[in-house]
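Subject: Structure handover and what turned up in it

Hi,

Here is the structure I promised to pass on to you. Please open it alongside this email, and my notes come right after it.

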Amino acid sequence: MTVKDKIQKNKLPKHIAIIMDGNGRWAAKQGNERIFGHEHGVESVRSTVEGAAEIGLKYLTLYAFSTENWSRPDVEVNALMGLLVQAINEETEKLKEQNVRLSMIGDFESLPPEVQSKLNWSIAELKECTGLNLVLALSYSSKWEITEAIRKIATEIKDGTLQLEEIDKNLLDKYLATVGIPDPELLIRTSGENRVSNFLLWQIAYTEFYFTPKLWPDFRKDDLFEAICDFQNRERRFGKTSQQLVS
């Protein structure tokens with residue numbers, strides 16, 4: 001029996017988010033520059049998306065580039081942006097064949113014009129797909145997202161279109177970048193780091209975490225399946241007791 005066969009389809013999480021970490025360290029182990037690791041990380045993305053589509057996952061969010069990543073050396077940032085454009089060009093048709101729909105969360109306007117153009121093109125090409133919803137977190141951070149939400153709410157209160165008494169957690173959900181996307185039930189982080197790095201802080205309040213020592217370029221669909229099997233063996237109580245869940 002393969003690890004994929006062990007997955008219980010009736011207990012599949014609706015949304016999995018992944019912090020793809022370890023490209024630089026992987027490249028260093030090979031005696032190469034960091035961009036070498038980023039290039040090989042694309043194959044991991046391809047395999048993971050393919051696996052998610054195969055098992056019928058509804059949402060997969062990949063943390064591809066954070067707002068903090070803009071502070072990296074220009075040569076690395078420029079190379080990453082070029083790699084992103086190349087990947088979109090090469091993968092869009094494959095995604096269409098797999099019935100994968102694409103969207104993005106993050107500060108779209110901060111991305112280079114060529115990246116914006118390619119993203120818009122790919123999103124439009126895949127808009128009729130009805131399978132996996134692939135969400136790319138680009139120029140994203142949770143603190144940026146929450147700050148933007150607060151700014152929008154404050155503006156509407158100032159304009160009189162929103163009342164202070166209307167603000168609750170359900171309303172805030174509507175102002176986040178992830179509006180319309182269910183909160184992730186499982187968060188995977190590669191490379192052995194045990195932190196969330198400013199990623200979906202509001203949305204992961206009741207998310208299960210899965211940390212693996214594998215560096216991202218070594219991650220494949222079977223690793224995704226292993227994480228799902230681990231998730232399915234956990235008890236999700238949402239503040240309740242075990243007894244309440246079975247009564």
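Below are my notes on the sheet, the helices, the salt bridges and a few single residues.

First, the ground rules. The model is predicted, so to speak of local features I kept to pLDDT of at least 70 and of side-chain atom pairs to pLDDT 80 or more, while totals for chains, interfaces and linings use all residues. Residues are numbered from 1 along each chain as its sequence is written, and side-chain values use heavy atoms, with hydrogens and water left out.

**The sheet**

Helices (H or I, at least four residues) and strands (E, at least two) are DSSP runs, numbered from the N terminus. Two strands count as paired if DSSP finds at least two bridges between them. On that basis, 6 strands make an open sheet with parallel pairing, in the order β3-β4-β2-β1-β5-β6. The edges are β3 (101–105) and β6 (208–211); each has a single partner strand, so one side of each is left without a neighbour in the sheet. On average, neighbouring strands are turned by 20° against each other, direction ignored. For angles, axes are lines fitted to C-alpha atoms, for helices over the stretch in contact, and the values run from 0 to 180 degrees between N-to-C directions.

At one edge, β3 runs parallel to β4 (residues 133–140) and is joined to it by 5 bridges. Within that pairing, L102 stands opposite L134 in β4. At the other edge, 4 bridges join β5 to β6, again in parallel, and I188 is opposite Y210 in β6.

Side chains in a regular strand alternate between the two faces of the sheet. In β6, E208 and Y210 are on a covered face, whereas F209 and F211 are on an uncovered one.

**Helices on the sheet**

Contact here means heavy atoms within 4.5 Å. Helix α2 (residues 34–55) lies across β1 (15–19), β2 (59–66) and β4, and runs at about 160° to β2. Helix α7 (residues 221–232) also packs on the sheet, where it touches β1, β5 (186–189) and β6; its direction makes about 135° with that of β5.

**Salt bridges**

I took a salt bridge to be a side-chain nitrogen of Lys or Arg within 4 Å of a carboxyl oxygen of Asp or Glu. That rule gives a count of 17. For burial, buried means under 20% relative accessible area, exposed over 50%, and partly exposed in between (1.4 Å probe, protein chains only).

Which parts of the chain does the pair D21 and R189 tie together? The closest N and O atoms of D21 and R189 are 3.0 Å apart. D21 lies in the loop between β1 and α1 (23–29) and R189 in strand β5, so the bridge ties together parts that are 168 residues apart in sequence. D21 is buried at 16% relative accessibility, and R189 is buried at 3%.

K221 pairs with E54, with 2.6 Å between the closest N and O atoms. This pair links helix α7, which holds K221, to helix α2, which holds E54, across 167 residues. K221 is buried at 18%, whereas E54 is partly exposed at 36%.

K214 forms a salt bridge with D223 at 3.0 Å between the closest N and O atoms. K214 is partly exposed at 34%, and D223 is buried at 15%. Through shared partners, salt bridges also join D21, R25, R189, E193 and R195 into one network.

**Two single residues**

Is T190 buried or exposed? T190 is buried, with a relative accessible area of 0%, and lies in the loop between β5 and β6. Leaving aside neighbours within four places in sequence, T190 is in contact with residues including D21, K214 and W216.

K4 sits in the segment before β1 and is partly exposed at 31%. Beyond neighbours within four places in sequence, K4 is in contact with E54, I55 and F225. From K4 to I123 the C-alpha distance is 29 Å, with their positions 119 residues apart in sequence.

Happy browsing, and best wishes!
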